[in-house]
Amino acid sequence: MMVRKHILAAAMIPALSAVTTAGATLPAAASEIKIVVNGAAITDYDIAKRAAFLKLQHKKGNLTQQARDELTDEALKRQELKRLNLLVSDSEVNDAYARFATNNKMTLNQLNGVLDKAGVTPQHFKEYIRMQMSWGRALATRNRSQGGTRVSEQDAVQRMLKDGGKKPVSTEYQLQQVIFVVPANNRGILPKRRGEANAMRARFNGCDTTRDIAKGTLDVTVRDLGKFVEQELPAEWSKQVTSTPVGQATSTLDTDKGVEFLGVCSTKQVSDDRVARLVFSQEATAAAGNGKQEAAAQAVDKKYLEELRSKAKIVSE
């Protein structure tokens, strides 16, 4: 996540320095499909907006080709993020967009005007923000699943012997997931569903009664997720889960499925060899240093995209 935020900031800072002089113009009704990625279309209008954004960043070379390449990668990322349920919500994107305006001493209307004048459009910039934030989550999840800096069982044993045989302790969470379903073709009802989810979340008083509370409410899914050691929690939920008392629910989160929250059914302290490896691996990754972490994350990013491309059907005009 740290690397993605850095990339996002690096892309936006030079953009603002150029907006007062930029004046790109997009075609009025450009809608010809230029690239198809696993059935998802990228039009010449999309490409023109990204090329305008690259111009704001003072990028050199063939901006149209760079725009095509970036949008192709983003189409692959978006499809993977939807599969993993890791796309950040509209509210998170809007908050980041508003912070960007504030940090650059602009009102939202001023920022909107600047982006429109440059030929980028606010919506294109927001989707760029969404992809940067979401892909950071995907990289964090993948890195965690691959163990980050891995500690073998033998290394963990040696570490414990060094500590006098003491095993590290972690918290195990038993979780329940509640989803207020919002169809992809009807996202307009998202605010209404968010209100319903927050109302149910306020009534949540333990996992045993969730299904009873949900009765009578349409399109609500309740799932018992099982047990997760703290180091295994998904990045987008980790802070919320660890700060939520037993018998209560996390804040709601907008996802591609709808509006979700997690109930913390129970917790207990655990200490075994598996926990030792998880804790020691996490500590080793942190001790590797930011520079090494960033290089490793970039390597994961590159490999991840190569894998997605190798499985994809991409038709380009």
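Visitor: Which residue does Glu 80 form a salt bridge with, and how far apart are the closest N and O atoms?
Guide: In this predicted model, Glu 80 forms a salt bridge with Arg 83, and the closest N and O atoms are 2.8 Å apart.

Visitor: Where do Glu 80 and Arg 83 lie?
Guide: Both belong to helix α3, which covers residues 63-84, and they are three residues apart, about one turn of the helix.

Visitor: Is Glu 80 buried or exposed?
Guide: Glu 80 has a relative accessibility of 8% and therefore counts as buried, the cut-off being under 20%, whereas Arg 83 is exposed, with a relative accessible area of 58%.

Visitor: Switching helices, what does Lys 192 pair with?
Guide: Lys 192 forms a salt bridge with Glu 196, again with the closest N and O atoms 2.8 Å apart, and both residues sit in helix α8 (residues 190-203), four residues apart, about one turn of the helix.

Visitor: And how exposed are Lys 192 and Glu 196?
Guide: Lys 192 is exposed, at 54% relative accessible area, while Glu 196 is partly exposed, at 25%.

Visitor: What about Asp 224 and Arg 211?
Guide: Their side chains meet in a salt bridge with an N to O distance of 3.3 Å, and this pair links distant parts of the chain, with Asp 224 in strand β4 (residues 220-229) and Arg 211 in helix α9 (residues 210-214), 13 residues apart. Asp 224 is exposed at 53% relative accessible area, and Arg 211 is partly exposed at 41%.

Visitor: Last thing, how many salt bridges does the structure hold, and which residues are linked in a network?
Guide: The structure holds 15 salt bridges, and a network of salt bridges links Arg 78, Asp 90, Glu 127 and Arg 130.

Technical notes
Residues are numbered from 1 along each chain as its sequence is written. This is a predicted model: local features need pLDDT of at least 70, side-chain atom pairs count only at pLDDT 80 or more; totals for chains, interfaces and linings use all residues. Side-chain values use heavy atoms; hydrogens and water are left out. A salt bridge is a side-chain nitrogen of Lys or Arg within 4 Å of a carboxyl oxygen of Asp or Glu. Helices (H or I, at least four residues) and strands (E, at least two) are DSSP runs, numbered from the N terminus. Buried means under 20% relative accessible area, exposed over 50%, partly exposed in between (1.4 Å probe, protein chains only).
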